[in-house]
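User: Hi! I'd like to go through the interfaces and salt bridges of this one with you. Could you take a look?

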Amino acid sequence: MKNVYIHPTALVDSENIGEGTRIWAFSHVLKGVSIGANCNVGEHCYIESGAVIGTNVTIKNGNELWDGVTLADGVFVGPKVIFTNDLHPRSPRLPQAARRYSKRDWLFATVVKEGASLGAGAIILAGKTIGEFAMVGAGAIVTRDVPAYALILGAPATVVGWVCQCGRGLEFLEAAGTCADCGLEFLREANGISLKQAEPVSA
Amino acid sequence: MKNVYIHPTALVDSENIGEGTRIWAFSHVLKGVSIGANCNVGEHCYIESGAVIGTNVTIKNGNELWDGVTLADGVFVGPKVIFTNDLHPRSPRLPQAARRYSKRDWLFATVVKEGASLGAGAIILAGKTIGEFAMVGAGAIVTRDVPAYALILGAPATVVGWVCQCGRGLEFLEAAGTCADCGLEFLREANGISLKQAEPVSA
Amino acid sequence: MKNVYIHPTALVDSENIGEGTRIWAFSHVLKGVSIGANCNVGEHCYIESGAVIGTNVTIKNGNELWDGVTLADGVFVGPKVIFTNDLHPRSPRLPQAARRYSKRDWLFATVVKEGASLGAGAIILAGKTIGEFAMVGAGAIVTRDVPAYALILGAPATVVGWVCQCGRGLEFLEAAGTCADCGLEFLREANGISLKQAEPVSA
């Protein structure tokens, strides 16, 4: 692994860490985990075999990424976000639950798409997908899939607005909106918003 | 201690850990703590003197079990559950609070009964009892005692359904219900549900 | 540094820790952090350069104090309180967010004033001030400044009562209230309460 920084107290059992990625104190990356280039994994984190992490991802302190969690490129995971992979957990050591945990179908995967942000202390129920560039507010409990570019808040979380790729909130006059910070243009549609495609230049 | 696995980075100051129990990285078990056989204590946990843990208990990562917390056999503690033992805390070092902390009556105990599950990020206020096989939803804030077999959600948490010992949700037609997974039978009563006792075989 | 206790597994990069302060296992105090005398920093904590901590402060386990967080004297930080310093975070490594993080104006400071308590798992949005001796309930999400002596609960948190410096709840008969525990007297005003000043002795 080239130019990977691993803090002396961190435990890294994976060989699959991308260039320029840094892993900080008291964190543990298990065997088989894949982490892309140019990521930052904060302190007191735990990344379990089966988790997959893209490039340019920022994982703040105190995060646990379980088997089944995928973070696409450019994702932000705030401090102490809580991922889950089981919708009605029991102790697998409880005799009454042994049969359930003898198979793998209790596990539901979570996907966080490109550029999305998960606010501090947000809780993501197993089996949900967070759309591209969505922003989950601090402490929100995500119980449904989240549309791309949506700002969601509350418990259970609901869509309260829309945000640009750069993070700035968007305002829509009728069907179109332009980011006041970076100038990206969006179109409002029935079930969400999308990036306005550049019109083809006439020949 | 026989067949106890302690990760090289874990700190275990107790001599009272049951057979087959495993304690993972960066966790700390203090003096006098009692942990039963066949338990799993995840990473970044802290178990304080005065905590008592039964057998077959699963404690996921990032949990702190304070003095006054008792977990019965087969309990599941999801990631980053938050226990408390003080209902109106101040810094004990604050001069105005010194008198209060000179005695021990600020401490309220928490009991989690056999087979119960505490979902990820749930918060348990001091002094509460979680009934047998109850299931506390992710992020729920428990402010009252929880009946056996109850599924509770929300902040403050309220009963929204009932679950079997195996974890499966139960449906009741009138006064009786049978688990679709494991076949256990339950009776609905005024204040909760209970396991149907096998009828005595006539002689 | 005199009489500072640092657990053998803790990392302390600051030279500015007050007398009698203790820093427990698996915690990390970064360069430049200032911590006053007689504090207690629990396990699995992270205190970032730029954080400032007064005297007699109690920080329970699992806390992260970011750049921009100031805790005055006598503050209590319960287990796993979540501080933040960015109101609409993106991964700074995301190309679309690079411009925003090239300056420092994304950072909003948090101030917790003398004697205040932050309950377990509370979330403090960036840029807020918690007044003297206020008490934030477990799991509350603080989205506005908090008045001195206020008890706040919920998500978003609202004022539900008032507490004394010693932590006891206060009751008001008309405009005045006296703490049943420590006898301090308070006056109720339009926007909060304040400590009743001793009347000047007539000459």
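User: How many residues does the contact take from chain B and from chain A?

Analyst: Happy to help! This is a predicted model, so local features need pLDDT of at least 70 and side-chain atom pairs count only at pLDDT 80 or more, while totals for chains, interfaces and linings use all residues. Residues are numbered from 1 along each chain as its sequence is written, chains are lettered from A and ligands numbered from 1 in the order in which they are written, and side-chain values use heavy atoms, with hydrogens and water left out. The contact takes 40 residues from chain B and 32 residues from chain A, where contact means heavy atoms within 4.5 Å.

User: And what area is buried between chain B and chain A?

Analyst: About 2500 Å², with carbon and sulfur atoms giving 58% of it. Buried area here is the accessible area (1.4 Å probe) that two parts lose on being put together, summed over both. On the chain B side, Phe26(B), His44(B) and Lys80(B) lose the most area to chain A, together 22% of what that side buries.

User: Which residue forms a salt bridge with Lys80(B)?

Analyst: Glu64(A), with the closest N and O atoms 3.4 Å apart. A salt bridge is a side-chain nitrogen of Lys or Arg within 4 Å of a carboxyl oxygen of Asp or Glu. The count between chain B and chain A is one salt bridge.

User: Are Lys80(B) and Glu64(A) buried or exposed?

Analyst: Both Lys80(B) and Glu64(A) are buried; buried means under 20% relative accessible area, exposed over 50%, and partly exposed in between (1.4 Å probe, protein chains only).

User: Switching interfaces: how many residues of chain A are in contact with chain C?

Analyst: 40 residues of chain A, which touch 32 residues of chain C. Chain A and chain C bury about 2500 Å² between them, 58% of it on carbon and sulfur atoms. Phe26(A), His44(A) and Lys80(A) supply 22% of the area that chain A buries against chain C, more than any other three residues.

User: Where does Lys80(A) find its salt bridge partner?

Analyst: In Glu64(C), the closest N and O atoms being 3.4 Å apart. Lys80(A) and Glu64(C) are both buried.

User: How many salt bridges does the structure hold over all chains?

Analyst: There are 19 over all chains. One of the salt bridges joins Arg100(B) and Asp86(B), with the closest N and O atoms 2.9 Å apart.

User: Are Arg100(B) and Asp86(B) buried or exposed?

Analyst: Both Arg100(B) and Asp86(B) are buried.
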